[in-house]
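Please look over the model shown here before reading the notes on its cores, its ligand and two individual residues.

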Amino acid sequence: MSKPKGSMVHGLEVKESEPAVPRKSASKPLAKSPSAAQSLLSQLPSIDRLIRSPHLRDTLNTFGLTLTTQISKDLMAEIRQSLKASSHSKLTSAMEVPSEEELAQRIQNACVSKMALQYQSVYNMTGTVVHTNLGRSVLADEALMALVQASQQPLNLEFDLNTGERGERDHFLEALICEITGAEAATFVNNNAAAVLLTLAALAHDKEVVISRGELVEIGGAFRMPDVMKSAGALMVEVGTTNRTHLKDYEQAITERTSVLMKIHTSNYQVQGFTKSVSEAELAPLAEHHQVTLVSDLGSGSLIEMSDHGLPHEPTPQEMLKAGCHVVTFSGDKLLGGPQAGIIVGRKREIDIIRNYPMKRALRLSKLPVVALEATLKLYLQPEFLVQRLPTLRWLSRSDDVIKSTAQQVLGAFERVLAPHYQVELSQMMSQIGSGSLPLDTMNSFGLAIKPKVQGGKGVGSALIRLSKALRALSKPIIGRVEKNMLLLDCRCIDDALALAKDISSLEIHEP
Ligand SMILES: *Cc1c(COP(=O)(O)O)cnc(C)c1O
């Protein structure tokens, strides 16, 4: 071991025996002079010395030399900065050189926080079940097992075990979704936006796509129908008006350049009042007559009848195919409850064109969603167990009584940590499906309604912001929603009330 640099040793020795700056001498002019800052700086240990300090041994063993050195350098640079800065200000009490032990502790903390995963589990108490910003559907255990296996070991992703030759990536998925939906053929891509893009590019590049003005939607996250058309190289022909489109509008727009009649399930908003749209069933004969392809973008595309589970009806791919659509696209991670994926089902002729279009290669599913989707789709072959196994459906169809009892189980724990400053009440509230399903279709739910106890109603907003922030800072963050001067925590998506009660008990809230 080489000898640490003399000056640094000297600096530390001085500090240990008699601190150069008396700790609480608030107004010593010496501390404000640049030379005082210089002398403080010279007391900082070198990186070399710090790394060799016994206080850093565990950190080095855990995080390795590279990261520990980098973090140490960053910290020392930061301390040097603040010493210099405070020497120019009146904050002389801040001008202290931390001990080696303190420095080691700060380095360790910085290493821990640097290596902590930034994508982390949260409690979804927003009341929106399929929440895009919170990762949409949570996978069933069966899908998780498939993910783990496929991640740990090689698999027959594109390998035919019968012939020993190259196989098709989508092969098993295609058979499964065709069995479930009755489609002739199917292909799969990264998400539904990709499914729409690929479908239009493959079927309507440099050709015309007829679409109602009432369906030129923006789905969110910059998915706007006119832009997607442009990206696909399709020529958009708008028909009808915002509120009313008739069959004859489509009919009059069809030319020899028309390739596709496009229907979009306008799921995330509703036009009410004097409205008219043309259904897929009405459009199908027109498409047949003119030999053009009828494409329907369903968005959510539930594979089961949602009204059987007490939920609003959501059009299914089965229904769309029966109505005469040639191609139907929908998401894997919305109501279907699987991994992110775009599913394209329909007639073999069109699906073959789509699947063989070169862009498909850039949009294909990666192996993890392939296996997770297979496991998720297999659950649909045993519909009796679906509610129990598929978290999305379980949360959506959870009964009032169960949700209320979850809220009752966590109420006390929330009251205990929030009591002095906030009033916590069990409350009825409304959940929504989310991810493009009708925001107007809400479901009765239960949870906690939290109100700040403030004098004369002043500062309610800022108290709610503080509380929301504190809940987000928990090691498993809690995400709620602010509504009518209350923080609402919807208990619909909570599976483990005891775990939540335990987690909330570590909340520390500092009220001004
Ligand atoms: C959600 C949605 C999309 C986009 O699907 P992603 O899977 O998010 O890419 C497209 N169209 C409609 C109608 C949707 O609801």
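The notes below take up the nonpolar cores, the ligand site, and then two single residues.

This is a predicted model, in which local features need pLDDT of at least 70 and side-chain atom pairs count only at pLDDT 80 or more, while totals for chains, interfaces and linings use all residues. Residues are numbered from 1 along each chain as its sequence is written, and side-chain values use heavy atoms, with hydrogens and water left out.

**Nonpolar cores**

- The largest nonpolar core (a set of buried Ala, Val, Leu, Ile, Met, Phe, Trp, Tyr and Cys residues joined through side-chain atoms within 4.5 Å) has 55 residues, and those with the most contacts inside it include Ile177, Phe330 and Leu377.
- Helix α8 (residues 171–181) gives the largest share of this core, 5 residues; helices here are DSSP runs of H or I with at least four residues, strands are runs of E with at least two, and both are numbered from the N terminus.
- Because domain 2 (123–129 + 394–504) and domain 3 (141–389) both contribute residues, this core lies between them, the domain bounds coming from an automatic or database domain assignment.
- Leaving aside neighbours within four places in sequence, Ile177 is in contact (heavy atoms within 4.5 Å) with Gly182, Ala186, Phe188, Leu303, Phe330, Ile343, Val345 and Leu377.
- Apart from this core lies another, of 33 residues, with Met125, Leu418, Val424 and Ile504 among them.

**Ligand site**

- The ligand is surrounded by 12 residues (each with a heavy atom within 4 Å of it), of which the closest are Arg136, Ala193, Asp297, Ser331 and Lys334.
- Polar contacts (pairs of N or O atoms within 3.5 Å; within protein, one must be able to donate a hydrogen and the other to accept it, and residues adjacent in sequence count only if both atoms are side-chain atoms) join a polar side-chain atom of Arg136 to a ligand oxygen at 2.8 Å, one of Asp297 to a ligand nitrogen at 2.6 Å, and one of Lys334 to a ligand oxygen at 2.8 Å.
- Taken alone the ligand exposes 380 Å², of which the protein buries 94%, with accessible areas from the Shrake-Rupley method and a 1.4 Å probe; for residues, only the protein chains shown count as cover.

**Two single residues**

- Thr126 lies in the loop between β1 (123–124) and α7 (141–152), and at 8% relative accessibility Thr126 counts as buried (under 20% relative accessible area, with exposed over 50% and partly exposed in between, for a 1.4 Å probe and protein chains only).
- A polar atom of the Thr126 side chain lies 3.1 Å from the backbone nitrogen of Thr128.
- Gln70, in helix α5 (residues 57–88), counts as partly exposed at 41% relative accessibility.
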